[in-house]
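Open the model in your viewer and keep the selection box handy. We will go from stop to stop, and at each one you get something to select and a short account of what is there.

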Amino acid sequence: MAVASFKLQFSYIKSQSNFRPALSKYCSRSGRIKCAATTPRKSYNITLLPGDGIGPEVISVAKNVLNLAGSLEGIEFSFNEMPVGGAALDLIGVPLPEETLTVAKQSDAVLLGAIGGYKWDKNEKHLKPETGLLQLREGLGVFANLRPATVLPQLVESSTLKKEVAEGVDLMVVRELTGGIYFGKPRGFDTNEKGQEIGYNTEVYSAFEIDRIARVAFEIARKRNGKLCSVDKANVLEASMLWRKIITALASEFPDVELSHMYVDNAAMQLVRNPKQFDTIVTNNIFGDILSDEASMITGSIGMLPSASLGSSGPGLFEPIHGSAPDIAGQDKANPLATMLSAAMLLKYGLGEENAATRIEMAVLDTLDRGFRTGDIHSFGHKLVGCKEIGEEVMKSVDSGAGYTN
């Protein structure tokens with residue numbers, strides 16, 4: 001169920017392949033939508049976490065597209081909408097209510113909008129919206145974050161790089177998601193021997209954590225073009241030294257994958273100098289956070305990139321990598337395409353429903369082919385539309401089966 005296609009796509013190691021999510025019996029603000037396109041043969045329970053800023057807008061559009069694509073494949077969805085982030089803080093007083101995590105764990109997959117905003121920036125750390133996201137990832141045990149960065153032919157002119165540099169870029173960043181400096185202990189605030197206030201965090205990885213994310217990355221590289229670049233800072237950091245040692249040793253189990261290593265500062269430079277040299281990148285939590293955002297701009301807009309976060313059991317977490325964009329929230333200016341593509345990843349990697357996923361992916365391409373653009377990817381000669389309208393256009397393309405062959 002939840003990561004069935006993760007096994008199919010990546011041939012994940014047998015010791016980690018028991019992907020069996022529980023079906024949720026909990027219902028809060030739930031809605032069951034049934035389409036008559038075909039008699040439903042399968043049903044799934046999806047937790048929706050709209051979150052903050054533009055999150056509710058992009059989730060609303062993605063939900064409609066997800067449901068239509070599913071109905072055309074005989075799939076029925078039950079949606080449970082729950083609060084998280086700033087919305088949960090305002091409603092309940094914590095960024096991740098226990099009830100939200102319970103419902104998410106019991107679902108087949110989780111689709112998240114965005115978290116954060118200026119309103120909560122001055123909150124104490126445990127009351128920041130972003131803390132809720134970290135708690136959610138940890139609670140679901142989703143350690144493997146997949147962030148594709150593909151320059152679509154329709155948007156090559158939107159890239160900040162020269163056309164000859166950006167054209168043809170198609171890479172995958174595999175980011176370790178539940179370890180490293182974001183979760184390491186000790187951490188906190190103190191004073192040093194001079195009486196000065198200090199803040200400190202710990203970058204720490206166990207051999208097990210490195211091994212499991214590396215295996216995922218090797219399998220992904222094997223299914224792509226057989227090239228894996230491990231990014232670290234092994235010339236300075238002990239955690240990176242262990243990272244490189246474990247991954248180098250593991251390479252013998254994957255003789256068909258070409259492994260290389262690169263320091264993170266060089267990798268950041270190479271991503272803008274010659275991004276086509278990369279196929280699959282594996283790296284730790286903080287480096288992956290930074291590099292995947294950098295890679296997103298090669299594609300033209302952070303509003304175009306989806307992500308999937310998967311674990312060894314239970315539901316996956318799927319979300320666009322953009323932020324909550326509070327400056328444009330509620331103005332119908334958001335780009336929902338990354339969230340739609342995250343819904344496609346949910347179908348493909350979370351539920352094993354590749355046909356329905358392809359319907360969404362092809363519909364997004366068709367909508368771009370027909371010239372529709374939101375503000376972040378708009379250029380001369382194309383039609384500027386808002387969040388709702390581009391969603392409607394993608395729905396038309398899904399309904400017509402544009403570009404889809406089965």
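Start by selecting Phe77 and Phe79: Phe77 is buried, and Phe79 is buried too. Before you go further, please keep in mind that this is a predicted model. Show the two rings as sticks. How far apart are the ring centres of Phe77 and Phe79, and at what angle are their planes? The centres are 5.8 Å apart and the planes stand at 40°, so this pair is classed as tilted. The angle falls between the limits, because planes under 30 degrees apart would count as stacked and those over 60 as edge-to-face. Now add Tyr44 to the selection, and you have one aromatic cluster made of Tyr44, Phe77 and Phe79. The count of aromatic pairs comes to four.

**Zoom out to the whole chain**

Switch to a cartoon view. You should be looking at 13 helices and 15 strands. The radius of gyration is 21 Å, close to the 22 Å of the globule rule for 406 residues, so the chain is as compact as a globular protein of that length. If you draw a box around the C-alpha atoms along the principal axes, it comes to roughly 65 × 50 × 45 Å.

Next, colour by accessibility: 55% of the 406 residues count as buried. On a surface view, the chain exposes about 17,100 Å², and 52% of that comes from carbon and sulfur atoms. A contact map is worth a look as well. Among contacts with a separation of 6 or more, 76% join residues 24 or more positions apart. For the charges, select the 42 positive and 48 negative ones; their mean positions are 3 Å apart.

**Strand E4 and the loop after it**

Select Leu112, which sits in strand E4. Is Leu112 buried or exposed? With a relative accessible area of 1%, Leu112 is buried. Show what surrounds this side chain: leaving out neighbours within four places in sequence, Leu112 is in contact with Leu49, Ile59, Val84, Leu133, Leu317, Phe318, Glu319 and Pro320. For a sense of scale, draw a distance from Leu112 to Gln270: these residues are 158 apart in sequence, and their C-alpha atoms are 31 Å apart.

Then move along to Lys119, in the loop between strand E4 (109-114) and helix H5 (129-140). Lys119 has a relative accessible area of 59% and is exposed. From Lys119, draw a C-alpha distance to Pro186, 67 residues away along the chain, and you should read 29 Å.

**A cis peptide bond**

That distance line leads you to the next stop. Pro186 lies in the loop between strand E6 (170-176) and strand E7 (188-191). Check the torsion of the peptide bond from Lys185 to Pro186: the bond is cis, with omega near 10°. Most peptide bonds are trans.

**Two helices**

Select Ser240 in helix H8 (residues 238-250). At 2% relative accessibility, Ser240 is buried. Which residues does Ser240 touch, not counting those up to four places away in sequence? They are Asp232, Lys233, Ala234 and Phe287.

Go on to helix H9 (residues 264-273) and pick Ala268. Ala268 has a relative accessible area of 26% and is partly exposed. Beyond its neighbours within four places in sequence, Ala268 is in contact with Leu291 and Glu294. A C-alpha distance from Ala268 to Val364, 96 residues apart along the chain, comes to 29 Å.

**Last stop: a loop with positive phi angles**

Finish with the loop between strand E13 (316-320) and helix H11 (337-350), where you can select Ala325. Asp332 is in the loop between E13 and H11 as well. Keep a Ramachandran plot open here, since most residues other than glycine have a negative phi. Ala325 is not a glycine, yet its phi is positive, at about 45°. Asp332, also not a glycine, has a positive phi of about 60°. Finally, colour both by accessibility: Ala325 is partly exposed at 30%, and Asp332 is partly exposed at 31%.

Terms used. Residues numbered from 1 in each chain as written. Predicted model: local features only at pLDDT ≥ 70, side-chain atom pairs only at ≥ 80, totals over all residues. Heavy atoms only, no water. Helix = DSSP H or I, 4+ residues; strand = E, 2+ residues; numbered from the N terminus. Rg over C-alpha atoms; globule rule 2.2 N^0.38 Å. Buried < 20%, exposed > 50% of the residue type's maximum accessible area, 1.4 Å probe, protein only. Contact = heavy atoms within 4.5 Å. Areas by Shrake-Rupley, 256 points an atom, 1.4 Å probe, with all protein chains shown as cover. Lys, Arg positive; Asp, Glu negative; His and termini not counted. Charge placed at Lys NZ, Arg CZ, Asp CG, Glu CD. Phe/Tyr/Trp six-rings, centres within 6.5 Å; stacked < 30°, edge-to-face > 60°.
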